[in-house]
Amino acid sequence: MAHKVLLTGGAGFIGSHTYVALKNAGYDAIIVDNFSNARRDVTDRLEIITGAPVECIEGDVLDGVLLDRIFAEHTIDAVIHYAALKAVGESMGKPLDYLNTNIAGLYSLLDAMQRADVFTLVFSSSATVYGQPDHLPVDEAAPRGFNNPYGYTKLVCEQSLEQISAADDRWAFGVLRYFNPVGAHETGLIGEDPNDIPNNLVPYIAKVATGEQDQLSVWGDDYDTPDGTGIRDYIHVTDLARGHVQSLDALLKSRQGHVVNLGTGTGYSVLEVVKAYERAAGRALPYRIAPRRPGDVACVYGDTKLARELLGFEAELGLDDMCASSWNWVSRRKNT
Ligand code: UD1
């Protein structure tokens, strides 16, 4: 029988792409999502992509009664936990929401898993735990810290999982430190769909390309980088989704936990991303140089060696694929 995986936040950007990757890899999957940052038609779209009905339960990971019911009604072998808040700026205005959803949400889930005797979890962490690294590419042994409530929640969650796995060897955790996930599924049916004006670079550029925003503000061109703009390690969401499947494969096979970066190992500047998106959209995209965004670091890209060694994971898609798939998604979305 196929292993069945519960995806918390599985209707969101990364969760929905992982749903497809899991089904393609022969897993069975069920989604629980409170739809705070996901559209309801995602499940219909997942049915079109996978050609099979999608099991999706509306609800919140803070609701232990609901989680107990899900574990009682389904034979679940493992959980991938995405359900969390992720906007740095918002976290400074609503720190308690972030602590509750991200930290208490993880504890609520772990409690329910323990009650149900399910001890395998893949956790969405972030390269935000590195801050501005001392050396690049940044590897998993680099010191961790935080600059805002969002980053704090990711660090506390990572440390909590470390405490639990050190004390109780029934648990196996895969902690995945995402770099900058962008792009969309090749069908153009699912992708990133922020409810508000996007804060992140590629979703914002996408809105300029569709005409919903007039121009991009490039936050600073005086960093110590070749063109002066910030450099990040953008990874195609399809590659990232596959990384979750490989993490799960490894946990189920070996019961050995891991903490790995998921990136490409290559950094691109803001202006390089703009140029790539212009190639994808086939037109010039207006931008202006604006002051630096507080809290931004100049340059981050990840060391990919450990993910390759432990999971056999390697990103396959490049920046042009990321921009082309994003453009395919947003230009279709605008017309539906
Ligand atoms: C941000 C978060 C990070 C989080 C990630 C989620 C901060 C400081 N970090 O990463 O913790 O995990 O989102 O995806 O917010 N840029 C512009 N104009 C824009 C938007 C962005 O020039 O309108 C630049 C930024 O200055 C940066 C790069 O684009 O150099 C990437 O920014 P963004 O997409 O927001 O990601 P991060 O800041 O790397």
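The radius of gyration used here is taken over C-alpha atoms, and the rule for a globule is 2.2 Å times the number of residues to the power 0.38. The structure on display is a predicted model. For its 336 residues, a compact globule would have a radius of gyration near 20 Å, and the protein agrees with this because its value is 19 Å.

**The whole chain**

Begin with the complete protein in cartoon representation. The C-alpha trace spans about 55 × 45 × 40 Å along its principal axes. Colouring by secondary structure will show 11 helices and 13 strands.

Next, switch on the surface. The protein exposes about 14,700 Å², of which carbon and sulfur atoms supply 49%. Of the 336 residues, 54% count as buried. Contacts may also be displayed: among those between residues at least 6 apart in sequence, 81% join residues at least 24 apart.

**The ligand and its shell**

Select the ligand and the 19 residues around it; those that come nearest are Leu201, Ser217, Arg232, Arg293 and Asp296. Sorted by class, the shell contains 8 nonpolar, 8 polar and 3 charged residues. Which element supplies the largest share of the shell around the ligand? Strand S8, residues 216-219, does so with 4 residues.

Three distances deserve display in turn. At Ser217, a polar backbone atom is 2.7 Å from a nitrogen atom of the ligand. At Arg232, an N or O atom of the side chain is 2.5 Å from an oxygen atom of the ligand. At Asp296, a polar side-chain atom lies 2.6 Å from an oxygen atom of the ligand. Taken on its own, the ligand has 740 Å² of accessible area, and the protein covers 87% of that area.

**Helix H5 and Ile103**

Hide the ligand and select residues 95-115, which form helix H5; Ile103 lies within this helix. Is Ile103 buried or exposed? Ile103 has a relative accessibility of 10% and therefore counts as buried, the cut-off for burial being under 20%. To see its surroundings, select Tyr98, Tyr152, Thr153, Val156 and Cys157, with which Ile103 is in contact once neighbours within four places in sequence are left aside. For a longer view, select Arg333 as well: it is 230 residues from Ile103 along the chain, and the two C-alpha atoms are separated by 33 Å.

**From H5 into strand S5**

Move next to Asp117, in the loop between H5 and S5. Its phi is near 65°, a positive value in a residue other than glycine. Most residues other than glycine have a negative phi. Asp117 has a relative accessible area of 58% and so is exposed, since the exposed class begins over 50%.

Continue to Ser124, which is placed in strand S5. In contrast to the exposed Asp117, Ser124 is buried, with a relative accessible area of 6%. A polar atom of the Ser124 side chain lies 3.1 Å from the backbone oxygen of His81. His81 is also one of the residues in contact with Ser124, together with Tyr82, Lys154, Leu176 and Tyr178, when neighbours within four places in sequence are left aside.

**The cis peptide bond**

Select Leu136 and Pro137 and display the backbone as sticks. The peptide bond from Leu136 to Pro137 is cis, and its omega is near -5°. Most peptide bonds are trans. Pro137 is found in the loop between strand S5 (120-126) and helix H6 (149-167).

**Arg255 and Glu278**

Proceed to Arg255, in the loop between helix H8 (237-254) and strand S11 (258-262). Arg255 has phi near 60°, a positive value in a residue other than glycine. How does Arg255 count by relative accessibility? At 37%, Arg255 counts as partly exposed, because that class lies between the 20% limit for buried and the 50% limit for exposed.

The last stop is Glu278, in helix H9, residues 270-281. Its relative accessible area is 15%, so Glu278 is buried. Finish by selecting Arg283, Ala284 and Leu285, which Glu278 touches when residues up to four places away in sequence are not counted.

Note on methods: Residues numbered from 1 in each chain as written. Predicted model: local features only at pLDDT ≥ 70, side-chain atom pairs only at ≥ 80, totals over all residues. Heavy atoms only, no water. Near = heavy atom within 4 Å. Polar contact = N/O pair within 3.5 Å; in protein donor to acceptor, adjacent residues only side chain to side chain. Areas by Shrake-Rupley, 256 points an atom, 1.4 Å probe, with all protein chains shown as cover. Helix = DSSP H or I, 4+ residues; strand = E, 2+ residues; numbered from the N terminus. Nonpolar A, V, L, I, M, F, W, Y, C, P; charged D, E, K, R; others polar. Buried < 20%, exposed > 50% of the residue type's maximum accessible area, 1.4 Å probe, protein only. Contact = heavy atoms within 4.5 Å.
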